[in-house]
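Hi,

Here is the model to look at, with the sequence alongside. My notes on what turned up are below; could you read them with the structure open?

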Amino acid sequence: MLLMACVHRGEEMEEQRNVICDVRREMGSCLDVCVMDEEQERSFVKQFRIVGTPTYILFGDSEEKARLLGKVDAGTLCHFIRMHLNRDENQN
């Protein structure tokens, strides 16, 4: 799975980047992560209709699986990812 994180540059970005690093360590090799700021990736923001930040989009099999809006802590983000990982495993 791939987690794309779109966050606003500044203090929010640093805070959420720390959360994402914690989550990446926790999830191990089952998760790849990409962090971008909304200013740099306008085409991504437009294509995926991101209306606020932070926005987390989880991709699997080249399609969007789920999305989470708003600031989160590492526990919440891990739970969100695991919930969708388990859902995908149960569907296969």
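Helices here are DSSP runs of H or I with at least four residues, numbered from the N terminus. One caveat before the rest: this is a predicted model.

**Helix α1**

Let's begin with α1, which covers residues 11-27. With 17 residues at 1.5 Å a residue, α1 should span 24 Å, and its end C-alpha atoms are indeed 24 Å apart, so the two agree. Right after α1 comes G28, with a positive phi near 70°.

Which residues of α1 are buried? They are M13, Q16, V19, I20, V23 and M27. These residues take up an arc of only 130° around the axis, so they sit on the same side of α1. That fits the usual geometry: an α-helix has 3.6 residues a turn, so residues three or four places apart point the same way. On the face turned away from the buried side of α1 you'll find E11 and R25, both exposed.

**The nonpolar cores**

The largest nonpolar core has 17 residues, and V23, Y56, L77 and I81 are the ones that touch the most other members. Two or more residues come from each of β1 (2-7), α1, β3, β4 (63-69) and α3 (74-91). The biggest share is from α3, which puts in 5 residues.

I81 is a good one to click on. Leaving out residues up to four places away in sequence, I81 touches L3, V23, M27, L31 and L58. Two of the names in that list, V23 and M27, are also among the buried residues of α1.

There is another core, apart from the largest one, with 9 residues that include C6, F48, I50 and I57.

**Aromatic rings**

How many aromatic pairs does the model have? The count comes to 2. In one of them, the rings of F44 and F48 have centres 4.7 Å apart and planes at 40°, so this pair is tilted. In the other, F48 and F59 have ring centres 5.3 Å apart and planes at 85°, so that pair is edge-to-face. The F48 and F59 pair links distant parts of the chain, with F48 in the loop between α2 (42-47) and β3 (55-60), F59 in strand β3, and the two positions 11 residues apart. Put together, ring pairs link F44, F48 and F59 into a cluster. As for burial, F44 and F48 are both buried, and F59 is buried as well.

**H84 and the cysteines**

H84 is worth a look too. This histidine lies in helix α3, and at 8% relative accessibility H84 counts as buried. Again leaving out residues up to four places away in sequence, H84 touches M1, L58, K65 and A66. L58 turns up here as it did in the list for I81.

A disulfide is a covalent bond between the sulfur atoms of two cysteines. How many disulfides are there? The count is 0. C78 is in none, and the nearest cysteine sulfur, that of C30, is 9.2 Å away. C78 counts as buried, since its relative accessibility is 7%, while C21, at 36%, counts as partly exposed.

**Backbone oddities**

Some background for the last part: most residues other than glycine have a negative phi, and most peptide bonds are trans. A few spots in this model go the other way.

- The peptide bond from T53 to P54 is cis, with omega near -5°. P54 is placed in the loop between α2 and β3, the loop that also holds F48.
- D61 has a positive phi, near 50°, and is not a glycine. D61 is in the loop between β3 and β4. Its relative accessible area is 67%, so D61 is exposed.
- S62 also has a positive phi in a residue other than glycine, near 65°. Its place is the loop between β3 and β4. With a relative accessible area of 80%, S62 is exposed.

If you want an order for going through the model, I'd take the helix, then the cores, then the rings, and leave the backbone spots for last.

Cheers

Definitions and conventions:
Residues are numbered from 1 along each chain as its sequence is written. This is a predicted model: local features need pLDDT of at least 70, side-chain atom pairs count only at pLDDT 80 or more; totals for chains, interfaces and linings use all residues. Side-chain values use heavy atoms; hydrogens and water are left out. The expected span of a helix is 1.5 Å times one less than its number of residues. Buried means under 20% relative accessible area, exposed over 50%, partly exposed in between (1.4 Å probe, protein chains only). The arc is that of the directions from the helix axis to the C-beta atoms. Rings of Phe, Tyr and Trp (its six-membered ring) pair if their centres lie within 6.5 Å; planes under 30 degrees apart count as stacked, over 60 as edge-to-face and the rest as tilted. A nonpolar core is a set of buried Ala, Val, Leu, Ile, Met, Phe, Trp, Tyr and Cys residues joined through side-chain atoms within 4.5 Å. Contact means heavy atoms within 4.5 Å. A disulfide is a pair of cysteine sulfur atoms within 2.5 Å.
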